[in-house]
Amino acid sequence: MKILVCISKSPDTTSKISFTENSTKFDENGVQYIVNPYDEWYALVRALEIKEANGGNVTIISVGSAGDEAVIRKALAIGADDAVRIDADPTDAYFAAMQIAEYAKTNGFDLVLTGKETINYNGSQVGGMIAEALDQPFVSVATKMDVNGTTLTLEREINGGIEVVEVNTPAVVSCAKGMAEQRIPNMRGIMAARTKPLQVVAAVAVDQMTTYVNYTMPNAKSACKMIDPSNMDQLVELLHNEAKVI
Amino acid sequence: MSVLVYINSKNGLHKSAFETVTYGKKLGDVTVITTGSLSADQLSTLGNYGASKVLVDRSVEGDDDQQLTRIIASAADACSAITIIFSHDLVAKAVAPRLSVRLKAGLISGAINVPSADGTVPVNVFSGKAFGHVKVNASRTIISLLPNSIQPQENGSACSVEDFNGNAGSAGVRVISTKKPEGEIPLPEAELVVSAGRGLKGPENWGLVEDLAAALGAATACSRPVADIGWRPHHEHVGQTGVAIRPNLYIAAGISGAIQHLAGVNGSKVIVVINTDSEAPFFKAADYGVIGDAFEVLPRLTEAVKKFRSSGH
Ligand SMILES: Cc1cc2nc3c(=O)[nH]c(=O)nc-3n(C[C@H](O)[C@H](O)[C@H](O)COP(=O)(O)OP(=O)(O)OC[C@H]3O[C@@H](n4cnc5c(N)ncnc54)[C@H](O)[C@@H]3O)c2cc1C
């Protein structure tokens, strides 16, 4: 089975979020980039498990500039045979998805995996867009996936529950918690990652459909009101009369 | 402007449906598209929130994202919709991206309000740590609205309901079975949420959390380690790598308030924190704080809520 795993970089979860250039750009100063957790913990690890059980090939793909190769190497350290970097700044999800779809079309994969969303833009957009561009079925927010020949059996979250579904390959799946367990790369993996093939592919022309014009921060909270732990009637009264939430 | 609102009516009409119709009405003339078997009488109530017309394709239940994409695209063409609105739920996460490719429309997901005067739409970014203001460069726009972001408004009367053939085509996904916890309130839609963390010491103590949730009519949630150890199901895990929620009230007991946890809950309107440690970082993000032992405070709060509810509230 030939599997393509889409990875994106995202700021380390403890990063301080701030903006520069008149609040139009994310301030990367001092920010450490990691592999987006959903892509790494679930999509990539499950792909590796499937390969370990059934054979095949796992390719990592990312749309980004040369500076993003460090993050791609981090993903290679966990596993995967090779990686592809589409050489472009991923201006929006549509742009990134169309680049990946183009690569997938020419190279033919049985399975394309993404994380359920990135933790910076939280769009949940890329997987569905790739699926539509490839005219393939898409299972989003899958929490379990088993492969049996050309049939995938998956569990996916639906509004207020879980559904067991089947699709035929080729297909696109977005992966969430439950799918696999995080793997910590070992020294051998890190060494091997340095020499694994990382192919750079030129981007195709794609319209940018959306623009992040600027960013704002939430209003700071006013000071927390302390309530005596023995007086929960007072808390209820405040939630009703002051906060008006019950 | 013609606005198309997709509504998932599979399990009846929920608040998120009224929110999206209300949102659409603020932008223009609303046509609703839905699938499945809900009666015309029930669907016509969407008119109360401002829909002019409901189109329903009864040929499918609406489980397959390729079929839904074709149906919604047909409806968008039939009513020449410039803007298409979804509730940012699990169906939208599958269908809206497909539709944006099919219609060559710009997709704005996770909107938290109507467009501003400059035409940008505010969305949650960095898991709720900031807001982005997004502009679309295409001739059509798709917006998926985070649940609990706007208040439904009733300002109309029942509308017409028409059968619609959206040429669904074949399904790519075969549904084998469904597991649905009975009677639970889906977390992303819940207005009130009671959540607990490692401070509760073990799964056997979650009765305290469930009792308070039952008294309030709230959904339950938890911190990540609690779901990781298996004390609670994964779908209750809130935070940066779990579900992001924006309820009216979030009560957190025995949760320290790590940055990754806060990211998923700081869109809540009011936060109550119960923690033994007065230095817990969560107090900085809280509106009301109780420094105390959750094992004593939770039952006391539950009693106080019961008393309040039984006095007619
Ligand atoms: C990449 C990454 C992503 C992450 N994503 C998430 C996420 O999405 N969601 C998330 O929640 N976490 C996430 N985390 C984990 C996060 O950093 C914290 O470790 C986690 O939130 C802590 O959970 P907790 O507050 O339940 O436990 P602890 O940090 O152990 O806190 C327990 C709290 O309970 C209090 N306590 C103890 N006993 C009592 C008592 N009897 N009564 C009242 N209070 C008591 C303690 O004072 C303490 O404050 C992530 C971490 C990483 C690295």
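In this predicted model, the contact between the two chains draws 82 residues from chain A and 89 residues from chain B. Together, chain A and chain B bury about 7,200 Å² between them, and carbon and sulfur atoms contribute 57% of that area. The polar side of this interface comprises six salt bridges and 37 residue pairs in polar contact, counted where both residues have pLDDT 80 or more. One salt bridge joins the side chains of A:K177 and B:D228, with an N to O distance of 2.6 Å.

The ligand is also placed with respect to both chains, since its position is between chains A and B. It is surrounded by 28 residues, of which B:S223, B:T241, B:S256, B:Q260 and B:H261 come nearest. Backbone atoms of chain B approach oxygen atoms of the ligand at several points. For B:S256, a backbone N or O atom lies 2.7 Å from a ligand oxygen; for B:R224, the corresponding distance is 3.0 Å. A polar backbone atom of B:G254 is 3.1 Å from an oxygen atom of the ligand. Taken alone, the ligand would expose 990 Å², and the protein buries 79% of this area.

Attention may now turn to the internal organisation of chain B. Its domain assignment gives domain 1, spanning residues 2–163, and domain 2, spanning residues 187–310. The centres of these domains of chain B, taken over C-alpha atoms, are separated by 31 Å. The two domains nevertheless touch: 12 residues of domain 1 of chain B are in contact with 12 residues of domain 2 of chain B. The area buried between domain 1 and domain 2 of chain B is about 1,000 Å², of which carbon and sulfur atoms give 38%. On the side of domain 1 of chain B, the residues losing the most area to domain 2 are B:S127, B:K129 and B:N148, which together account for 52% of what that side buries.

The specific interactions across this domain boundary can be described in turn. Between domain 1 and domain 2 of chain B there is one salt bridge. B:K15 and B:E191 form a salt bridge in which the closest N and O atoms are 3.0 Å apart. The interface of the two domains of chain B further holds six residue pairs in polar contact, both residues being at pLDDT 80 or more. By class, the side of domain 1 of chain B that touches domain 2 consists of three nonpolar, seven polar and two charged residues.

Notes:
Residues are numbered from 1 along each chain as its sequence is written. Chains are lettered from A and ligands numbered from 1 in the order in which they are written. This is a predicted model: local features need pLDDT of at least 70, side-chain atom pairs count only at pLDDT 80 or more; totals for chains, interfaces and linings use all residues. Side-chain values use heavy atoms; hydrogens and water are left out. Domain bounds come from an automatic or database domain assignment. Contact means heavy atoms within 4.5 Å. Buried area is the accessible area (1.4 Å probe) that two parts lose on being put together, summed over both. A salt bridge is a side-chain nitrogen of Lys or Arg within 4 Å of a carboxyl oxygen of Asp or Glu. A polar contact is a pair of N or O atoms within 3.5 Å; within protein, one must be able to donate a hydrogen and the other to accept it, and residues adjacent in sequence count only if both atoms are side-chain atoms. Ala, Val, Leu, Ile, Met, Phe, Trp, Tyr, Cys and Pro count as nonpolar, Asp, Glu, Lys and Arg as charged, and the others, Gly among them, as polar. A residue is near a molecule or strand if one of its heavy atoms lies within 4 Å of it. Accessible areas come from the Shrake-Rupley method with a 1.4 Å probe; for residues, only the protein chains shown count as cover.
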